[in-house]
Amino acid sequence: MDRFRMIFQYFQSSSESVMNGICGLLALASVKMYTSFDFSCPCLPQYNMAYGLGIMFVPPVILFLCGLILNRQSLVMLEEWRRPQGRRKKDLAVIRYMCSSIMQRAMVAPVVWIVVTLLDGKCLICAFSSSMDPENFVGFANVSPVQVQQLLAKVPCKDDELMKNNTSRKAVSRYLRCWSQALGWSILLILIIAAFLARWLRPFFNQAILLQARHWSNYIDIEQKIFEETCCEHSRLFAHKCVLHFFESMKQEIKLHSFSLPREGEGAEREGDLLRGITDQNKVNKLLKTWYCEKPPLDVS
Amino acid sequence: MDKFRMIFQFFQSNQESFMNGICGIMALASTQMYSAFDFNCPCLPHYNLAYGLGILLVPPFILFLLGFVLNNNISMLAEEWRRPQGQRGKDPAVLRYMFCSMAQRAMIAPVVWVSVTLLDGKCITCAFCTSVPMEILGNGSHPHLSQGEIQRVLARIPCKEIYNGQELIANEVAVRYLHCISQALGWCFVLLMTVMAFLVRSLRPCFSQAAFLKSRYWSHYIDIERKLFDETCAEHARSFAKVCIQQFFEGMSTDLHTHCHLPRKAPADAREAAEKLLGITDQGTMNMALKSWHRCKPPLKLHPPALPTGNGWAGEGQPPMHPCAPRRETAAYYSCV
């Protein structure tokens with residue numbers, strides 16, 4: 001029993017650390033994905049905006065969903081939300097707490113992607129080069145409108161023949177990069193200030209309710225793990241008994257009485273206790289269904 | 001038995017992590033295979049499409065099958081599916097659960113291959129270079145070439161060294177266009193797969209949680225039962241061999257010492273081994289036991305042990321005693337109103 005207690009204490013203290021670890025790994029994965037991704041702007045008038053904004057917004061959605069999928073607590077929260085009430089009331093504050101902590105962790109990797117994209121600048125240059133006002137740039141000022149669109153669309157492609165040594169291309173590129181980086185740094189600053197304020201001001205509001213919500217959300221998580229562990233233990237014992245009974249029934253069929261019944265005594269009794277009277281398929285099914293439909297009240301007095 | 005219990009608990013709690021580990025390794029192997037693979041577009045009109053799409057679709061199929069082959073539970077699934085019903089009913093929900101969880105894990109490496117291939121762009125560039133829209137990308141003036149000639153020129157787009165259609169359509173323009181389309185397809189594919197995975201995972205607790213708990217329990221049970229049966233058979237074989245050899249030597253010593261009346265000792269060892277034989281003491285009986293295990297698995301119903309005292313279980317409801325001392329802590333909700 002001591003060993004189980006140690007294992008469960010480990011789980012309790014580090015279930016948060018496991019989730020923080022996954023969060024950090026996803027953020028690193030998002031940076032790595034961006035650096036290994038071969039960004040190639042199409043440099044065509046209608047395609048640039050779609051490509052640029054697509055690269056900026058589609059991967060964050062994917063990373064957000066991955067953050068939700070990989071987080072074990074999101075399943076626990078959904079189960080707690082959808083279970084029938086039974087004998088145990090549902091506390092919405094607990095579910096809200098779990099939801100907000102899951103969302104906060106899932107938001108980290110998408111934000112990292114967007115900030116890295118903005119600080120790098122390629123996406124914004126690709127998306128908005130066609131929307132620049134050509135009058136502001138010497139090289140594009142006196143060109144016909146149709147051609148100016150084509151030229152502006154080619155600004156992100158440094159190696160294009162038309163754009164190779166064009167100083168106006170460099171001007172547009174620098175201008176857009178400057179805006180992109182300013183936007184990136186501003187977003188980062190706003191988010192960090194928001195996180196700081198949220199953490200610092202939290203103790204001033206509803207601290208008691210927060211402590212309760214955190215306790216019961218940990219409790220639900222651990223209860224789920226212990227239930228699964230107990231089911232595993234039970235199925236192992238069930239299988240053990242089943243196999244032994246099978247061999248006994250074989251023995252009865254062959255009518256040999258030279259050897260006495262094996263394993264009578266303390267070992268069998270102890271294992272019988274752990275089976276807790278649940279000794280056939282229907283009882284196991286009923287137990288599992290009752291666990292879901294009617295969780296026991298939180299009262300062990 | 002304690003040692004076995006610890007090992008089984010380790011496997012049980014870690015079986016999921018073990019299978020997830022294999023999944024992750026196959027996904028990494030698939031990216032490594034792609035980067036080590038030397039992609040050589042043939043740059044010929046009809047071969048490009050076949051080569052490009054072949055590289056896009058054949059390795060994922062191979063990786064999918066490999067995912068099943070490397071999964072130990074595939075033989076368990078097949079066994080449970082094909083066994084005769086006997087005294088134990090078959091639950092199709094359990095079979096479906098086992099198959100779905102294996103298929104989900106086997107899908108990861110192919111999805112990674114397809115995503116990496118699309119995001120890299122070489123395959124799509126090779127496969128669809130003959131279908132680029134000339135009206136959008138082509139240079140205004142192009143010599144009047146026959147359709148076949150144009151196809152041959154366009155087919156050389158992926159091979160920069162031999163491309164000779166610069167006045168028809170600039171190579172970089174076409175390659176950029178095809179890369180853009182390929183990457184858009186790649187990201188959309190990844191998004192679609194992620195949304196599907198998210199829906200599968202989050203809709204399950206909303207609709208079929210009780211059935212899911214049942215299927216998961218019984219699929220673990222079948223796995224453990226199979227392992228325990230193998231262990232019991234191995235123990236039995238060991239005891240059988242021990243007793244057999246013991247009896248052989250005793251028989252030999254009886255033959256050699258027919259006129260000496262040596263006391264025959266039955267060592268404690270042999271008695272213990274004989275007990276472990278569980279009453280099965282010859283080849284025919286063992287064969288019958290093994291055949292019966294396959295043809296007619298026992299029902300999932302344990303009989304109470306035949307104790308000499310009268311107070312066995314009633315068989316229904318809780319056993320008369322608590323398995324452990326009741327805890328004194330009280331847990332209750334407080335709300336601060």
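Buried, in these legends, means under 20% relative accessible area, and exposed means over 50%. The model shown is predicted.

**View 1. Helix H3 of chain A is mostly covered.** The helix spans residues 72–82, and eight of its eleven residues are buried. A:Gln73, A:Ser74, A:Leu75 and A:Val76 are among them. So are A:Met77, A:Leu78, A:Glu79 and A:Glu80. Look also at the start of H3(A). There, a side-chain oxygen of A:Asn71 comes to within 3.1 Å of the backbone nitrogen of A:Gln73.

**View 2. A:Phe196 and A:Trp200 form a stacked aromatic pair.** The structure holds 18 aromatic pairs over all chains. In the pair formed by A:Phe196 and A:Trp200, the ring centres are 6.1 Å apart, with 10° between the planes. Both residues belong to helix H8 of chain A, residues 167–201. They sit four residues apart, about one turn of the helix. A:Phe196 has a relative accessible area of 51%, so it counts as exposed. A:Trp200 is exposed too, at 53%.

**View 3. B:Trp218 and B:Tyr221 form an edge-to-face pair.** Their ring centres lie 5.2 Å apart. The planes meet at 80°, which is why the pair is called edge-to-face: the cut-off is over 60 degrees. Both residues are in helix H9 of chain B, residues 209–256. Three residues, about one helical turn, separate B:Trp218 from B:Tyr221. B:Trp218 is buried, with a relative accessible area of 5%. For B:Tyr221, also buried, the value is 1%.

**View 4. One aromatic cluster draws on chains A and B.** Chain A supplies A:Tyr34, A:Phe37 and A:Trp113. Chain B supplies B:Trp187.

**View 5. Two arginines of chain B lie over aromatic faces.** B:Arg82 lies over the face of B:Trp81, at 5.8 Å from the ring centre. B:Arg204 lies over the face of B:Phe212, at 3.7 Å from the ring centre.

**View 6. A nonpolar patch of about 900 Å² lies on the surface of chain A.** A:Leu189, A:Ile193, A:Leu197 and A:Leu201 contribute to the patch. A:Phe196 and A:Trp200, the pair of View 2, are also part of the patch. A:Phe204 and A:Phe205 contribute as well. A:Phe204 is placed in the loop between H8 and helix H9 (207–254) of chain A. With a relative accessible area of 61%, A:Phe204 is exposed.

Definitions and conventions
Residues numbered from 1 in each chain as written. Chains lettered and ligands numbered in written order. Predicted model: local features only at pLDDT ≥ 70, side-chain atom pairs only at ≥ 80, totals over all residues. Heavy atoms only, no water. Buried < 20%, exposed > 50% of the residue type's maximum accessible area, 1.4 Å probe, protein only. Helix = DSSP H or I, 4+ residues; strand = E, 2+ residues; numbered from the N terminus. Polar contact = N/O pair within 3.5 Å; in protein donor to acceptor, adjacent residues only side chain to side chain. Phe/Tyr/Trp six-rings, centres within 6.5 Å; stacked < 30°, edge-to-face > 60°. Lys NZ or Arg CZ within 6 Å of the ring centre and 35° of its normal. Patch = residues over 30% accessible without salt bridge, like charges linked within 9 Å, V, L, I, M, F, W, Y side chains within 5 Å. Areas by Shrake-Rupley, 256 points an atom, 1.4 Å probe, with all protein chains shown as cover. Salt bridge = Lys/Arg side-chain N within 4 Å of Asp/Glu carboxyl O.
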